Amino acid sequence: TGILYIVPTPIGNLGDMSNRAIDILNEVDLIAAEDTRHSGHLLQHFLIKTRSISLHDHNEDQRTQLLVKKLQAGEKIALISDAGTPLISDPGYTLVSTCRSLDINVIALPGPCALITALSASGLPTDRFMYLGFLPVKQKAKAQSLKFASLAHMTCIFYEAPRRVKDTIEVCAQVLPDNHQIVLAKELSKRFERYISGNAKDVLAWLNQEDAHQKGEFVLMIYCKAIAQEELPVQAKDLMHQLIALLP
Ligand code: SAM
C-alpha cells in the first residue's frame, strides 16, 4: 500500500519549513490541505507543483474514503493544515485513524507546533503537561475548564482566539486560586513575538495597555501549584482525588 505523510508547516515564519517537508511535498502524488487556497501560497513559495485537494472539518468523512482508496492503490499522500501540525486542533483525525485501522502506513514528520513551542520557552514546568485545545466559548463551561486546569497540578495549555483572550483572562482572575501563574505566548515565530507572564491581573493590565496587545495569535498556559489540602473546599478535594486516580 501507499504512505500517508503528516507534514507540519510554519506557524508564522517560512524559515521554519524543513527540508524534509519540502522534499516529501514534492515527492507525493497528492497533497490533502485544510484550505487549498491558503496552502497554495506556501506551495508556490517553495516551488512545489504537486496537485492538492481540500480536506477540512466539513468534508473529512467523504475525503477519507477517496484518499484511502488512493493509498490502497499504492499512492503517496501528504496531509497539511493551514499552519503547524495537522490533527493538533486541526483536521486529519478521521483520516489517520482510518488508515491505522486498515494497516496503511502513516509517517509523521516532526515540525512546528504552537503548543510545544510556547511550552518550551514559557518557564513553566514541562515534565508533565496537559493540552486542552480551545477553551469553550460559553462562560460557565469556560470557567469549569479553567477550574479543572487549576486542579491538575501541571502546566495546562490552551489555544485561544484573539477576540476572546481578554474575556478569558478575566475569567481566570475570577476562578483560579491565588497561587496561579499565567503565561501568554503571542505571535510565535513572527515579528511581534512576545511572552507575557504573571497572574491574571498582571496579564489583563498588559492586554489593556494598547489595542495592539489584544491582536494576533495566542497560546495560553496556566500553572497552579498544589494547594495544601486543608485549604481546599470539600468539593475540590473530591475532584482532586478523582483526578489523581486517573493519572497514569
Ligand atoms: N495545528 C496548529 C499547531 O500545530 O499549533 C494549531 C492550529 S489551531 C486551528 C490555531 C491556534 O493555534 C491559534 O488560535 C493559536 O491559539 C495557536 N497558534 C497558531 N499559530 C500561532 C502563533 N504563531 N503564535 C501563537 N499561537 C499560535
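Select β10 (218-224) and look at its two faces: Phe218, Leu220, Ile222 and Cys224 point one way, Val219, Met221 and Tyr223 point the other way, and all are buried. Buried means that 20 or more other C-beta atoms lie within 10 Å of the residue's own; exposed means 12 or fewer, partly exposed is in between, and the C-beta atoms are placed from the backbone. In a regular strand the side chains alternate between the two faces of the sheet. Because seven of the seven residues of β10 are buried, the strand is largely enclosed by the rest of the structure.

The model is predicted: local features need pLDDT of at least 70, side-chain atom pairs count only at pLDDT 80 or more, and totals for chains, interfaces and linings use all residues. Residues are numbered from 1 along each chain as its sequence is written. Helices (H or I, at least four residues) and strands (E, at least two) are DSSP runs numbered from the N terminus.

**The partners of β10**

Keep β10 on screen and add β8 (180-186). β8 and β10 run antiparallel and are joined by seven bridges; two strands count as paired if DSSP finds at least two bridges between them. As a point to label, Leu184 stands opposite Leu220 in β10.

Next add β7 (155-160). It is also antiparallel to β10, with five bridges between the two. Two pairs can be labelled here: Glu160 has Phe218 as its bridge partner in β10, and Cys156 stands opposite Ile222.

**From β7 to β6**

Which residue of β7 is the bridge partner of Met130? Cys156 is, the residue that stands opposite Ile222 in β10. Select β6 (residues 129-134) to see the rest of this pairing: β6 and β7 run parallel and are joined by four bridges.

Now add helix α6 (residues 139-150), which with β6 and β7 makes a right-handed β-α-β unit. A crossover is right-handed if, with the strands pointing away from the viewer, the path from the first strand over the helix to the second runs clockwise.

**Two loops with positive phi**

Between α6 and β7, select His153. Its phi is positive, about 55 degrees, although His153 is not a glycine. His153 counts as partly exposed because it has 19 C-beta neighbours inside 10 Å.

Move to the loop between β8 and β9 (194-198) and select Glu187. Glu187 is not a glycine either, and has a positive phi of about 55 degrees. With 15 other C-beta atoms within 10 Å, Glu187 is partly exposed.

**Pro177**

Go to the loop between α7 (165-175) and β8, where Pro177 lies. Leaving aside neighbours within four places in sequence, Pro177 is in contact with Ser150, Cys224 and Ile227; contact means that the C-beta atoms, placed from the backbone, lie within 7 Å. Pro177 is partly exposed, with 15 C-beta neighbours inside 10 Å. For a distance check, pick Gly12: it is 165 residues from Pro177 along the chain, and their C-alpha atoms are separated by 34 Å.

**Around the ligand**

Which residues come nearest to the ligand? Of the 23 residues around it, they are Gly84, Ala114, Tyr159, Leu188 and Glu217. The elements that give two or more residues to this shell are α5 (114-122), β7 and β10. A residue is near a molecule or strand if its C-beta atom, placed from the backbone, lies within 6 Å of it.

Colour the shell by class to find twelve nonpolar, six polar and five charged residues. Ala, Val, Leu, Ile, Met, Phe, Trp, Tyr, Cys and Pro count as nonpolar, Asp, Glu, Lys and Arg as charged, and the others, Gly among them, as polar.

**Ser18 and α9**

Select Ser18 in the loop between β1 (3-6) and α1 (19-27). Beyond four places in sequence, Ser18 touches Leu109 and Gly111. It is partly exposed, with 16 C-beta neighbours inside 10 Å.

Then select helix α9 (residues 234-246): its 13 residues reach 19 Å from first C-alpha to last, close to the 18 Å expected at 1.5 Å a residue. The expected span is 1.5 Å times one less than the number of residues. Is α9 covered or uncovered? It is hardly covered, with a count of zero buried residues.

**Zoom out**

Show the whole protein: nine helices and ten strands, with a C-alpha trace that spans about 60 × 45 × 30 Å along its principal axes. Buried residues make up 31% of the 248 residues. Among contacts between residues at least 6 apart in sequence, 73% join residues at least 24 apart.

Notes
Two residues are in contact if their C-beta atoms, placed from the backbone, lie within 7 Å.
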